[in-house]
Amino acid sequence: MRRTPSRIPPIRPVECVSVSASVPEAPKASDASKASEAKSSSRIPKVPFWAQIIVGLVLGALLGWIARSQDVSWLKETLGQVGDIFVQLLKLAVAPLVFFAILVSITNLRKVNNAARLASRTLLWFMITSLIAVAIGLAIGLITNPGSGTGLTPQDGKLPKREGSWIDFLTGIVPTDVITPFTELNVLQIVFMAAVAGIAALKLGDRAKPILALSESVLELLQKALWWVIRLAPIGTVGLIGFAIADYGWDLIGKYATFTADVYVGCAIVLFGVYPLLLATVAKVSPLQFFKGAWPAIQLAFVSRSSVGTMPVTQKVTERLGVPKEYASFAVPFGATTKMDGCAAIYPALAAIFIAQIFDVQLGIQDYLLIAFVSVVGSAATAGLTGATVMLTLTLSTLGLPLEGVGLLMAIDPIIDMMRTATNVAGQALVPVVVAAREKILDHTAYENASSSPIDDPTAGARTEDEKVLVAA
């Protein structure tokens, strides 16, 4: 049977159609898990850092009162150990942190126009604000007579373990070797070596780039480790406040009531009177906005009692207030070791008057001028650590007052040191803002938008685009 051939339709070419545009790509498992973790973590309420600090203060005061009133020796010893460990952890990072912070900050000035002018203006405003602070301290001391009516006698004092003198100050700038300043925590010598290394790196130019890259990495590492210590501040607060109350008691604190009030009032006048006036008249910016942006550093300084320990947070809030990073990275570390309106100006002025009245020594106008001179020139001796013993002994030795007077103030030092350090750190953030505003390099938009939100991690860099998407999700 004959078959007729069937007609096969011609085969037309088929165009390739991309389906990638219409079919969405399935999200990667890792991205999905990260997004879910971000969502779940955002639902967990976080206790603000300032609230943690307040809880630490209240709990420390309560435990200290219990330890003293019930004579619980183990509790007192435990509080003391907790406070000492926290302070020791802060001190552990001080020497390398100061060295690399100063070195990197000096080399960062090469990125700033008119670097020499900025550095000189910064130093000038450090001196001006210190002179104002010491004048306020002297005025309050002369008005209130903090040493009269305390019931304290010269026999209550004792020689300090560490002393300061002009010979030690001048000859102690240059170290005898490169190891001892780090082991003995001589911050002034560490600053000297860091400054020399930074200037030498600038002179070497491109040949110093490997060293600068290593220094920046080490500095970030130290700041990260220090931030972990800072997060322990609420626990450290419990120990420091608790031990102070358990060891000294409210009765002893009462003997220093006038002196303590003088220090707090003097610091408050500088902090909430002088600084806002300078911001409004010299920098022509909002004082309220400054305190809003600088609050995380001020509150941390109040608790930690360490300007150097607070330095990473101080630098971040200063940058958040619109100060260029290259200039802030110089001014803040420099100020953390030399700018001490609380410890080196208000406190030694009041302490000198207090000790002179206890030892029945009359001070004249020339003595008050010497106090002002020491406060302005010798503030680097305070070293940015907890306490201001070296600065006080330097002041007393210059005036010829008995150094045993330092022992009179050691009992009350932890209480007044909190307010002193808060004033120090506020001034260390203030001066860069003032200088930047006068030199027309302040970012006013950033300043006006600065918030009081805590610096969760001052060492964290900018987020990548993927991280921003995850956070937004």
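**Exercise 1. Find where F49 sits, decide whether F49 is buried or exposed, and work out how F49 relates to S453.**

Solution.
- Step 1: Locate the residue. F49 belongs to helix α2 in this predicted model.
- Step 2: Check its accessibility. The relative accessible area of F49 is 8%. Buried means under 20%, so F49 counts as buried.
- Step 3: Compare sequence with space. F49 and S453 are 404 residues apart in sequence, yet their C-alpha atoms are 9.7 Å apart in space.

**Exercise 2. Do the same for N449 with G293, and for Y327 with A119.**

Solution.
- Step 1: Start with N449, a residue of helix α20. Its relative accessible area is 59%. Exposed means over 50%, so N449 is exposed.
- Step 2: Look for its partner. Along the chain, N449 and G293 are 156 residues apart, while 8.7 Å separates their C-alpha atoms.
- Step 3: Move to Y327, which you will find in helix α14, residues 325-338. With a relative accessible area of 0%, Y327 is buried.
- Step 4: Finish with the distance. Y327 and A119 lie 208 residues apart in sequence, and from C-alpha to C-alpha they are 8.9 Å apart in space.

**Exercise 3. Describe how helices α11 and α19 pack, and sort the residues of their contact by class.**

Solution.
- Step 1: Find the two helices. Helix α11 covers residues 257-283 and helix α19 covers residues 413-438.
- Step 2: Read off the geometry. The helices pack at an angle of about 10 degrees, and their axes are 10 Å apart.
- Step 3: Name the arrangement. Angles under 35 degrees count as roughly parallel, so α11 is roughly parallel to α19.
- Step 4: Sort the contact. Between α11 and α19 there are 22 nonpolar, 3 polar and 2 charged residues.

**Exercise 4. Trace the salt bridge between R121 and E439, and say which parts of the chain the pair ties together.**

Solution.
- Step 1: Recall the idea. Side chains of opposite charge can pair when their charged atoms come close.
- Step 2: Check the distance. In the salt bridge of R121 with E439, the closest N and O atoms are 3.3 Å apart.
- Step 3: Place both partners. R121 lies in helix α5 (residues 115-144), whereas E439 is in the loop between α19 and α20, so the pair ties together parts that are 318 residues apart in sequence.
- Step 4: Compare their surroundings. R121 is partly exposed, with a relative accessible area of 27%, while E439 counts as buried at 17% relative accessibility.

**Exercise 5. How many salt bridges does a search of the whole structure find? Look at two further pairs, K339 with D341 and R420 with D413, and then at a network.**

Solution.
- Step 1: Take the total. The search finds 7 salt bridges.
- Step 2: Examine K339 and D341. Their closest N and O atoms are 2.9 Å apart, and both residues are buried.
- Step 3: Examine R420 and D413. Here the closest N and O atoms are 3.1 Å apart. R420 counts as buried at 0% relative accessibility, and D413 counts as buried at 8%.
- Step 4: Look for shared partners. R117, R121 and E439 are joined into one network by salt bridges that share partners.

**Exercise 6. Which residues make the nonpolar surface patch of about 460 Å², and which helix gives the most to the patch?**

Solution.
- Step 1: List the members. The patch is made by I85, L89, L92, L232 and I235.
- Step 2: Find the main contributor. Helix α3, residues 73-92, gives the most, with 3 residues.
- Step 3: Place one member. I85 sits in helix α3.

**Exercise 7. Examine the phi values of D71 and N145, and say where these residues lie.**

Solution.
- Step 1: Recall the usual case. Most residues other than glycine have a negative phi.
- Step 2: Check D71. Its phi is positive, about 55 degrees, although D71 is not a glycine. D71 lies in the loop between α2 and α3 and is exposed, with a relative accessible area of 66%.
- Step 3: Check N145. Its phi is positive too, near 50 degrees. N145 lies in the loop between α5 and α6 and is partly exposed, at 33% relative accessible area.

Technical notes: Residues are numbered from 1 along each chain as its sequence is written. This is a predicted model: local features need pLDDT of at least 70, side-chain atom pairs count only at pLDDT 80 or more; totals for chains, interfaces and linings use all residues. Side-chain values use heavy atoms; hydrogens and water are left out. Axes are lines fitted to C-alpha atoms, for helices over the stretch in contact, and angles run from 0 to 180 degrees between N-to-C directions. Helices (H or I, at least four residues) and strands (E, at least two) are DSSP runs, numbered from the N terminus. Angles under 35 degrees count as roughly parallel, over 145 as roughly antiparallel, 65 to 115 as roughly perpendicular and the rest as oblique. Ala, Val, Leu, Ile, Met, Phe, Trp, Tyr, Cys and Pro count as nonpolar, Asp, Glu, Lys and Arg as charged, and the others, Gly among them, as polar. Patches are made of residues with over 30% relative accessible area and no salt bridge: like charges are joined within 9 Å, nonpolar side chains (Val, Leu, Ile, Met, Phe, Trp, Tyr) within 5 Å. Accessible areas come from the Shrake-Rupley method with a 1.4 Å probe; for residues, only the protein chains shown count as cover. A salt bridge is a side-chain nitrogen of Lys or Arg within 4 Å of a carboxyl oxygen of Asp or Glu. Buried means under 20% relative accessible area, exposed over 50%, partly exposed in between (1.4 Å probe, protein chains only).
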